[in-house]
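This report describes a single protein chain, from its overall properties down to individual backbone features. The sequence and structure come first.

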Amino acid sequence: KPPEEILRAPGVRYLGRLKKEVPSELQAMEEELRTAFFLIHPTIMDTMGAVIVEAGYFGTPAIAPNNFGIPDLVTTYKTGVLVDLPLTVEKFADPIIFFARNEQQYIEMRKSCYAFMTGNRTWRVIAEKVAEKINL
């Protein structure tokens, strides 16, 4: 659970840990991902953010570090925004402000994010690519 000062901040809504195997919790998670403006992923240790892929299934772009396996998922201004280390508030806030002021570019990024994730990062697509490589 985030610290109380975070929970009291304007715009913060904490839903707790949502379990995908509980239908109502899965529905709540999907609704959050569907309606989010961005997924903010300020990780300093995540090797490959599965949450970035999940958000992308709903067209929600991510702002995440240009590190680990994340650049395989996020292309700046196409499927989200990569930020260089060290992470700062400005590096996350600036793209949010930019896209809030540039609605058409934001809509195009959401479409591109959705197309990339559903066309390249589903179990079906990955299995097909593996099968193709091993000639099945």
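## Surface and charge

In this predicted model, the chain exposes about 9,000 Å². Carbon and sulfur atoms supply 58% of that area. Of the 136 residues in the chain, 29% are buried, where buried stands for a relative accessible area under 20%.

The chain carries 16 positive and 17 negative charges. The mean positions of the two sets are 2 Å apart.

## Overall layout

Taken along the principal axes, the C-alpha atoms fill a box of roughly 55 × 35 × 30 Å. There are 6 helices and 3 strands in the chain. Read from the N terminus, these elements follow the order α-α-β-α-β-β-α-α-α.

Contacts between residues at least 6 apart in sequence can be split by separation: 48% of them join residues at least 24 apart.

## The sheet and helix H4

The 3 strands make up an open sheet with parallel pairing, in the order S1-S2-S3. Strand S1 (39-40) and strand S3 (80-83) are the edge strands, and each pairs on one side only. Helix H4, residues 89-101, packs on this sheet and touches S1, S2 and S3. The direction of H4 makes about 155° with that of S2.

In general, the strands of a sheet pair through backbone hydrogen bonds, in either a parallel or an antiparallel way. Here, S1 and strand S2 (residues 62-65) run parallel and are joined by 2 bridges. Leu39 has Ala62 in S2 as its bridge partner.

## Backbone features in the loops

Two residues other than glycine in the loop between S2 and S3 have a positive phi: Phe68 and Tyr77. For Phe68, phi is near 60°; for Tyr77, phi is about 65°. How exposed are the two side by side, Phe68 and Tyr77? Phe68 has a relative accessibility of 36% and therefore counts as partly exposed. Tyr77, with a relative accessible area of 48%, is also partly exposed, because that class lies between the 20% limit for buried and the 50% limit for exposed.

The loop between S3 and H4 contains Pro86. The peptide bond that leads from Leu85 to Pro86 is cis, and its omega is near 0°. This loop comes just before the helix that packs on the sheet, H4.

Definitions and conventions. Residues numbered from 1 in each chain as written. Predicted model: local features only at pLDDT ≥ 70, side-chain atom pairs only at ≥ 80, totals over all residues. Heavy atoms only, no water. Helix = DSSP H or I, 4+ residues; strand = E, 2+ residues; numbered from the N terminus. Buried < 20%, exposed > 50% of the residue type's maximum accessible area, 1.4 Å probe, protein only. Contact = heavy atoms within 4.5 Å. Areas by Shrake-Rupley, 256 points an atom, 1.4 Å probe, with all protein chains shown as cover. Lys, Arg positive; Asp, Glu negative; His and termini not counted. Charge placed at Lys NZ, Arg CZ, Asp CG, Glu CD. Pairing = 2+ DSSP bridges. Axes fitted to C-alpha atoms, helices over the stretch in contact; angles between N-to-C directions.
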